[in-house]
Amino acid sequence: TIRPVRRSYYDPSSAPGKGVVWEWENDSGSWTPYDMDVGITIQRAYEKQHPWVDLSAIGFCYVIDFATMGQINRQTQRKRRVRRRLDMVYPLVSGTLPKSQSWPASPGAAAAPPVPACACPQCLLVMSVKATVSAAGPGTATLQSRKAPAVPPAAPKAPAPAPGTKAPDSMAAVRGSLKPLAAQGSRRQAASTPALSSASSNASPPSTGSGKASRPGLGTLNRNHLQRLAIAQSRVLIASGVPTVPVKNLTGSSPVNPALAGITGILMSAAGLPVCLTRPPKLVLHPPPVSKSEIQSIPGISHTCRKTTKKQAKKGKTPEEVLKKYLQKVRHPPDEDCTICMERLSAPSGYKGPQPAIKPDLVGKLVKCGHVFHLHCLVAMYNNGNKDGSLQCPTCKTIYGVKTGTQPPGKMEYHIIPHALPGHSDCKTIRIIYNIPPGVQGPEHPNPGKSFTARGFPRHCYLPDSEKGRKVLKLLLVAWDRRLIFAIGTSSTTGESDTVIWNEIHHKTEFGSNLTGHGYPDINYLDNVLAELAAQGITEESLAQEKD
């Protein structure tokens with residue numbers, strides 16, 4: 001598989017120009033760099049000595065707090081560590097800023113201005129390949145196949161092959177260019193060099209002085225020899241410090257000749273694009289096929305399917321009656337701002353929307369968390385929400401009552417399959433299947449009366465069939481009944497609006513790998529999802545409430 005690549009240029013005063021990279025800590029404890037544009041935004045705020053930066057302006061619901069070096073999810077309040085590295089040195093380009101380059105070049109594209117040579121090991125490797133190819137000359141750098149016409153040594157360019165003949169073979173240039181690389185690689189990986197030497201010596205006897213090729217072409221090498229040659233060349237490049245690029249079809253599992261991937265990588269290297277051939281890991285989304293007789297119900301959980309059909313009934317007659325259960329009136333407001341309208345609590349509410357039937361200067365305190373707000377502001381906030389009888393403190397996210405969501409109707413199936421997840425070899429697997437059809441938005445949704453899409457359903461998710469895994473499933477069932485698993489909004493991956501999206505409760509959708517971050521092994525996942533459920537007001541106490 002061949003994919004285009006490109007490189008981009010950034011101003012020397014930006015984060016990449018200064019060798020700065022910002023990273024966040026993922027669930028496995030390793031560090032993941034932010035996208036370049038996000039890193040530049042964070043670095044710009046950091047240099048201006050801002051205490052924090054809100055990334056919602058560029059499409060991310062996160063706040064970076066420089067005092068604690070943490071990333072805070074604006075919706076779930078979950079925190080992750082971030083760090084700033086200064087060891088990512090990028091090559092500098094003098095003069096005017098050239099355009100970003102890509103390969104293969106588009107037809108008719110103008111060549112980019114020359115860039116001063118870099119002294120890093122990777123660029124030195126490329127220059128040595130180029131120098132070897134140039135020094136070899138057309139007589140030795142071009143190897144013809146048996147049916148192709150010979151190339152005169154003095155000709156500046158090889159003539160185009162006649163119809164029915166094979167194209168000139170450039171393998172000789174590769175073999176010549178790999179000699180200095182093999183010398184470097186042999187010092188660090190002696191076991192790899194004999195494989196390269198034997199492949200080169202068996203396939204490449206010396207050419208004659210007339211410039212005609214007496215060596216056999218690639219047609220004389222069988223599949224095993226070609227594959228061995230490609231692997232040996234990869235080892236030399238790895239030993240020389242070249243970054244690896246996954247290239248498929250190395251195993252010959254497709255109709256494409258396995259040598260094609262090797263030749264492509266070699267030609268890209270000679271053209272100034274260092275690559276190394278590796279076998280990429282495989283994405284395993286689903287388990288092996290399971291028959292109906294192998295599927296088991298989950299002990300301690302009744303049924304194997306749940307459905308949601310309509311919105312839950314509203315609780316409480318009026319917003320004032322709902323808030324009355326959660327508030328205490330404050331006669332002497334503290335000297336601070338209301339975090340909803342940002343006016344002083346001693347002054348009337350600054351809310352300018354539809355006016356509730358409450359005096360704008362009344363102040364109340366939430367009984368659990370103790371935060372104080374204008375009653376006028378709280379009623380307006382409640383009217384703009386789901387109006388389900390619950391209230392969530394806008395400051396600390398403490399939930400009062402039973403929070404419900406706006407998940408559209410659908411079906412949730414759950415059962416045990418006889419396969420183990422990576423990292424959980426001691427137990428079987430709980431498989432969850434969500435299925436939500438497209439439909440029309442209701443009054444609780446962003447655009448009532450407008451149709452919505454449901455992409456990617458049915459969606460398969462996986463939990464280990466352990467004690468904690470079953471606990472998570474029970475809480476997910478509560479979240480499903482409260483319509484909190486999904487919502488209707490704008491997809492963060494496709495940008496599509498009015499579609500079914502996940503609602504801040506992460507699920508594992510990869511069964512046998514973790515290439516996308518949504519699979520196993522992940523030792524922190526069960527604890528993290530329990531924290532996300534708690535942020536939605538779903539804990540073990542919720543199980544007792546559901547039974548009641």
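# Why do we call it that?

Colleague: What makes Arg 78 and Glu 532 a salt bridge?

Modeller: Their side chains meet at 3.2 Å, N to O. The cut-off is 4 Å between a side-chain nitrogen of Lys or Arg and a carboxyl oxygen of Asp or Glu, so the pair counts. Keep in mind that this is a predicted model.

Colleague: Why do you say that this pair ties together distant parts of the sequence?

Modeller: Arg 78 sits in the loop between β6 (70–73) and β7 (79–85), while Glu 532 belongs to helix α10 (residues 525–535), so the bridge links parts that are 454 residues apart in sequence. The two are also members of a salt-bridge network together with Asp 27 and Arg 80.

Colleague: Is Glu 532 buried or exposed, and how do you know?

Modeller: Its relative accessible area is 5%. Buried means under 20%, so Glu 532 is buried.

Colleague: How many salt bridges does that rule give?

Modeller: The count comes to 19. Another one joins the side chains of Asp 335 and Arg 344, at 2.4 Å from N to O.

Colleague: Why do Asp 335 and Arg 344 get their exposure labels?

Modeller: Exposed means over 50%, and Asp 335 has 67% relative accessibility, so Asp 335 is exposed. Arg 344 has 34%, which falls between 20% and 50%, so Arg 344 is partly exposed.

Colleague: What about Glu 540 and Lys 471: what makes them a salt bridge?

Modeller: The N to O distance between their side chains is 3.2 Å, and that is within 4 Å, so they pass. Glu 540 lies in helix α11 (residues 540–547) and Lys 471 in helix α9 (residues 467–481), so this pair ties together parts 69 residues apart in sequence. As for cover, Glu 540 is exposed at 53%, and Lys 471 is partly exposed at 29%.

Colleague: Why is Asp 498 called buried?

Modeller: Asp 498 has a relative accessible area of 9%, and the limit is under 20%, so the label fits. You'll find Asp 498 in the loop between β22 (486–489) and β23 (499–502).

Colleague: What makes the link between Asp 498 and Lys 450 a polar contact?

Modeller: Their side chains are joined at 2.8 Å, and the distance limit for such a contact is 3.5 Å, so the distance fits. Lys 450 also appears among the residues in contact with Asp 498, a list including Gln 441, Asn 447 and Phe 452.

Colleague: Okay, Val 63: buried or exposed, and why?

Modeller: Val 63 comes out at 16%, and buried means under 20%, so Val 63 is buried. Val 63 is part of strand β5 (residues 62–65) and touches residues including Trp 52, Gly 70 and Ile 72.

Colleague: How do you know that helix α8 is mostly covered?

Modeller: Seven of the nine residues in α8 (residues 375–383) are buried. Among them are Leu 375, Cys 377, Val 379 and Tyr 382. The buried residues of α8 pack against α7 (319–324), β12 (327–329), β13 (363–366) and β14 (372–374).

Colleague: Last one: what makes Leu 285 suitable for a nonpolar surface patch?

Modeller: A patch residue needs over 30% relative accessible area, and Leu 285 has 36%, so Leu 285 clears that cut-off. Together with Leu 283 and Leu 515, Leu 285 makes a patch of about 250 Å². Leu 285 lies in the loop between β10 (277–278) and β11 (305–308).

Terms used
Residues are numbered from 1 along each chain as its sequence is written. This is a predicted model: local features need pLDDT of at least 70, side-chain atom pairs count only at pLDDT 80 or more; totals for chains, interfaces and linings use all residues. Side-chain values use heavy atoms; hydrogens and water are left out. Patches are made of residues with over 30% relative accessible area and no salt bridge: like charges are joined within 9 Å, nonpolar side chains (Val, Leu, Ile, Met, Phe, Trp, Tyr) within 5 Å. Accessible areas come from the Shrake-Rupley method with a 1.4 Å probe; for residues, only the protein chains shown count as cover. Helices (H or I, at least four residues) and strands (E, at least two) are DSSP runs, numbered from the N terminus. Buried means under 20% relative accessible area, exposed over 50%, partly exposed in between (1.4 Å probe, protein chains only). Contact means heavy atoms within 4.5 Å. A polar contact is a pair of N or O atoms within 3.5 Å; within protein, one must be able to donate a hydrogen and the other to accept it, and residues adjacent in sequence count only if both atoms are side-chain atoms. Lists of a residue's contacts leave out its neighbours within four places in sequence.
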